[in-house]
Amino acid sequence: MSCPEGRGTEALEVECHALRRGSSVVPQQGPNFDGHEYLTQAADIGALRAPGRHLAMNAAAAAAVGLALGIPLSTAGKALEGYSPVSGRMQIRLITNVGPVHTEGVGGIDGVARAKGELFDSAREGDICVINGDDQRVRGLQIPEAARVISFGTAVGCHVRMQNVHAAGPAGLYTRFQLSGREDGSGTEKVDVLGLSELLLAAGAIGSQPAPPDWALGYVRVPDTLVALQAQDLARLIRRRYGQSGAVVGITGSAGKTTTRAMTQLVLQGGLLSGAVHATQGNMNNHIGVPVTLLQLPSDSAACVLEMGMNHFGEIALLADIARPN
């Protein structure tokens, strides 16, 4: 091992283009590539010496989208100043619950608990572990003493306590409940959330198998639910209804997709005053995530910013055909 004097490493990356200040790369090998071939190239283009260049390039890309829509660079610049990068190190670790799902390889529900609990095993000082105070198996997980624990649930003593859960609103489409904090002294907050179980009562289901014998709701049977989601009058229908009334931006690339998408959303929100900007949430950027994002598109949105990922030939073509970015 060789290392220039005074230079240690603070983080490891597996992709050369993802390098940042203080990090080192661990190149991977596969049947069709060898990451070692890109080490010299990464250094030559400045990835090792200019950690801010990649971020600035993402911002420039977002500003270019805004410019195409008539948004001045001065407006884009002000919007981009509001961008907040996400820390790379996991600091908050949350386990929602433990149930009898995916038990095949772990020997039952107790094995599921142990497997999920591995999320907490590596918690360090300053990390926060968020647990379901109503779930006995989650409460029983071993959490390193250096980590801080925050609990949620209906049980007395939870840091965030949920009470008085009931249906509310037109046709009971909303779940209404109260939240109270144990430590912050903020009192009780009433919350209304559109609930999936109640939503099913108003809509129904689309499936490729026969409806259950006791199913009393609407049901549409299709040959393939994935094809229905992508192509047959769902995502494509929503896109057709949206028409040319707003901008649809499609973003892809080997690195920087999420950052560029977030920055583009900021730029458009700062320059388009006719409505909100709808955008991909989280990592919903594949053949399922893109259609789902379109299905959630409000008709009065000023723009829609879609992140598109891929792992095989033809996937980007499919996503572009569904979303028809303009």
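Which residue forms a salt bridge with Glu307? It is Arg261, and the views below get to that pair after a quick setup. This is a predicted model, with residues numbered from 1 along each chain as its sequence is written. Local features need pLDDT of at least 70, side-chain atom pairs count only at pLDDT 80 or more, totals for chains, interfaces and linings use all residues, and side-chain values use heavy atoms, with hydrogens and water left out.

**View A. Glu307 and Arg261 form a salt bridge.** The closest N and O atoms of the two residues are 3.1 Å apart. For this legend and the later ones, a salt bridge is a side-chain nitrogen of Lys or Arg within 4 Å of a carboxyl oxygen of Asp or Glu. Glu307 sits in strand β13 and Arg261 in helix α9, so the pair links parts that are 46 residues apart in sequence. Helices (H or I, at least four residues) and strands (E, at least two) are DSSP runs, numbered from the N terminus. Both Glu307 and Arg261 are buried, where buried means under 20% relative accessible area, exposed over 50%, and partly exposed in between (1.4 Å probe, protein chains only). By the salt-bridge rule, the count comes to three, and the other pairs turn up in views D and E.

**View B. Strands β11 and β13 run side by side in the parallel sense.** The two strands pair over five bridges; pairing asks for at least two bridges found by DSSP between the strands. Zoom in on Val248 and you'll find its bridge partner in β13, Cys304. Cys304 is buried, at a relative accessible area of 0%. β11 is mostly covered too, with four of its five residues buried. If you're hunting for disulfides (a pair of cysteine sulfur atoms within 2.5 Å), the structure holds zero.

**View C. The largest nonpolar core has 20 residues.** By nonpolar core we mean a set of buried Ala, Val, Leu, Ile, Met, Phe, Trp, Tyr and Cys residues joined through side-chain atoms within 4.5 Å. Leu268 and Val305 have the most contacts inside this core. Two or more residues each come from α2 (53-68), α3 (73-80), β11 (247-251), α9 (257-271), β12 (277-279) and β13 (303-307). Of these, α2 gives the largest share, four residues. Which residues does Leu268 touch, not counting those up to four places away in sequence? The list is Val65, Gly66, Leu69, Ile71, Val249, Val277, Ala303 and Val305, with contact meaning heavy atoms within 4.5 Å. There's also a second, separate core of 12 residues, which includes Ala235, Val248, Leu306 and Ala323. As background, nonpolar side chains tend to be buried together in soluble globular proteins.

**View D. Helix α4 covers residues 109-121 and has the span you'd expect.** Its 13 residues should span 18 Å at 1.5 Å a residue, and the end C-alpha atoms are indeed 18 Å apart; the expected span is 1.5 Å times one less than the number of residues. The buried residues in α4 are Gly111, Val112, Ala113, Gly117 and Phe120. Their cover includes β3 (92-95), β4 (128-132) and α5 (136-139). A salt bridge joins Asp110 to Arg137, at 2.9 Å from N to O. Arg137 lies in helix α5 and Asp110 in helix α4, so the pair ties together parts 27 residues apart in sequence. Arg137 is partly exposed at 34% relative accessible area, and Asp110 is partly exposed at 44%.

**View E. Phe120 of helix α4 is buried, at 0% relative accessibility.** Leaving out residues up to four places away in sequence, Phe120 touches Arg93, Leu94, Ile95, Cys129, Val130, Ile131, Leu141, Gln142, Ile143 and Pro144. The C-alpha atoms of Phe120 and Leu94 are separated by 8.5 Å, although the two residues are 26 apart along the chain. Arg93 also meets Asp127 in a salt bridge, at 3.2 Å from N to O. Arg93 lies in strand β3 and Asp127 in the loop between α4 and β4, so the pair ties together parts 34 residues apart in sequence. Both Arg93 and Asp127 are buried.

**View F. Ser151 sits in strand β5 (residues 148-153).** Ser151 counts as buried, at 9% relative accessibility. Setting aside neighbours within four places in sequence, Ser151 is in contact with Ile131, Gly157, Cys158, His159 and Val160. Of these, Cys158 is itself buried, at 6% relative accessibility.
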